[in-house]
Amino acid sequence: MTSEEIRFNVERALTEIRPFLQRDGGDISLISIEDDRVVKVQLLGACVGCHVNTMTLKSGVEMTIKRYAPKIEEVINIEKVISSKSPQ
């Protein structure tokens, strides 16, 4: 499977799982795919800070992505860093 095919299949997987996240006020964004093995995503909305987002990531998102792109080994959530500095 080429890098382009992997990306296409990862996007298809996210399209499949997105409605389930959106139903609960969340969403997901693809950040990158590294070495055709590691997918980095960002959980959004209600998924941020949710106490079950790790389970959602591993049992829902990662499992779905691996079904579409078996070469993927891991899915990692990249949390958005909010700066605590105030503007000067």
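## Exercises on the packing of two helices and a sheet

Strand 1, strand 2 and helix 2 are the elements against which the buried residues of helix 1 pack. Contact here means heavy atoms within 4.5 Å. Buried denotes a relative accessible area under 20%, exposed over 50%, and partly exposed the range in between (1.4 Å probe, protein chains only). Helices (H or I, at least four residues) and strands (E, at least two) are DSSP runs, numbered from the N terminus.

The model is predicted: local features need pLDDT of at least 70 and side-chain atom pairs count only at pLDDT 80 or more, while totals for chains, interfaces and linings use all residues. Residues are numbered from 1 along each chain as its sequence is written, and side-chain values use heavy atoms, with hydrogens and water left out.

**Exercise 1. Establish the pattern that the protein chain follows along the sequence.**

Step 1. The protein chain holds two helices and three strands.

Step 2. In sequence order, these elements give α-β-β-α-β.

Step 3. The C-alpha trace spans about 50 × 30 × 15 Å along its principal axes. Of the 88 residues, 35% are buried. Among contacts with a separation of 6 or more, 49% join residues 24 or more positions apart.

**Exercise 2. Determine the strand order of the sheet, and explain why one side of strand 1 and of strand 3 is left without a neighbour.**

Step 1. Two strands count as paired if DSSP finds at least two bridges between them. In general, such pairing uses backbone hydrogen bonds and is either parallel or antiparallel.

Step 2. The sheet is open, with three strands in the order 1-2-3 and mixed pairing.

Step 3. Strand 1 (26-34) and strand 3 (74-77) are the edge strands; each has a single partner strand, and therefore one side of each lacks a neighbour in the sheet.

Step 4. From one strand to the next, the twist averages 30 degrees. Angles run from 0 to 180 degrees between N-to-C directions, and axes are lines fitted to C-alpha atoms, for helices over the stretch in contact.

Step 5. Four bridges join strand 2 (residues 38-45) to strand 3 in the parallel sense. Valine 38 has glutamate 74 of strand 3 as its bridge partner.

Step 6. Helix 1 (residues 3-23) packs on the sheet through strand 1 and strand 2, and its direction makes about 165 degrees with that of strand 1. Helix 2 (residues 53-68) lies across strand 1, strand 2 and strand 3, at about 140 degrees to strand 3.

**Exercise 3. Compare the span of helix 1 with the expected value, and locate its kink.**

Step 1. The expected span is 1.5 Å times one less than the number of residues.

Step 2. Helix 1 has 21 residues, for which 30 Å is expected; the first and last C-alpha atoms are 31 Å apart, close to that value.

Step 3. The bend at a residue is the angle between axes fitted to the seven residues ending there and the seven starting there. A kink of about 35 degrees falls at isoleucine 17, shortly before proline 19.

Step 4. Ile17 is also one of the buried residues of helix 1, with Ile6, Asn9, Val10, Ala13, Leu14 and Leu21.

Step 5. After helix 1 comes glycine 25, with a positive phi near 85 degrees.

**Exercise 4. Is aspartate 35 buried or exposed, and is aspartate 36 buried or exposed?**

Step 1. Aspartate 35 lies in the loop between strand 1 and strand 2, as does aspartate 36.

Step 2. Aspartate 35 has a positive phi near 55 degrees, although this residue is not glycine. Phi of aspartate 36 is likewise positive, near 55 degrees.

Step 3. Aspartate 35 has 60% relative accessibility and is therefore exposed. Aspartate 36 has a relative accessible area of 17% and is therefore buried.

**Exercise 5. Which residues is serine 29 in contact with, leaving aside its neighbours within four places in sequence?**

Step 1. Serine 29 belongs to strand 1 and is partly exposed, because its relative accessible area is 27%.

Step 2. The contacts sought are Lys40, Val41, Gln42 and Leu44.

Step 3. For glutamine 42, the C-alpha to C-alpha distance from serine 29 is 5.2 Å, at 13 residues apart in sequence.

**Exercise 6. Determine how many disulfides there are.**

Step 1. A disulfide is a pair of cysteine sulfur atoms within 2.5 Å.

Step 2. By this rule the count is zero. For cysteine 47, the nearest cysteine sulfur is that of cysteine 50, 6.6 Å away.

Step 3. Cysteine 47 is buried at 10% relative accessibility, whereas cysteine 50 is partly exposed at 27%.
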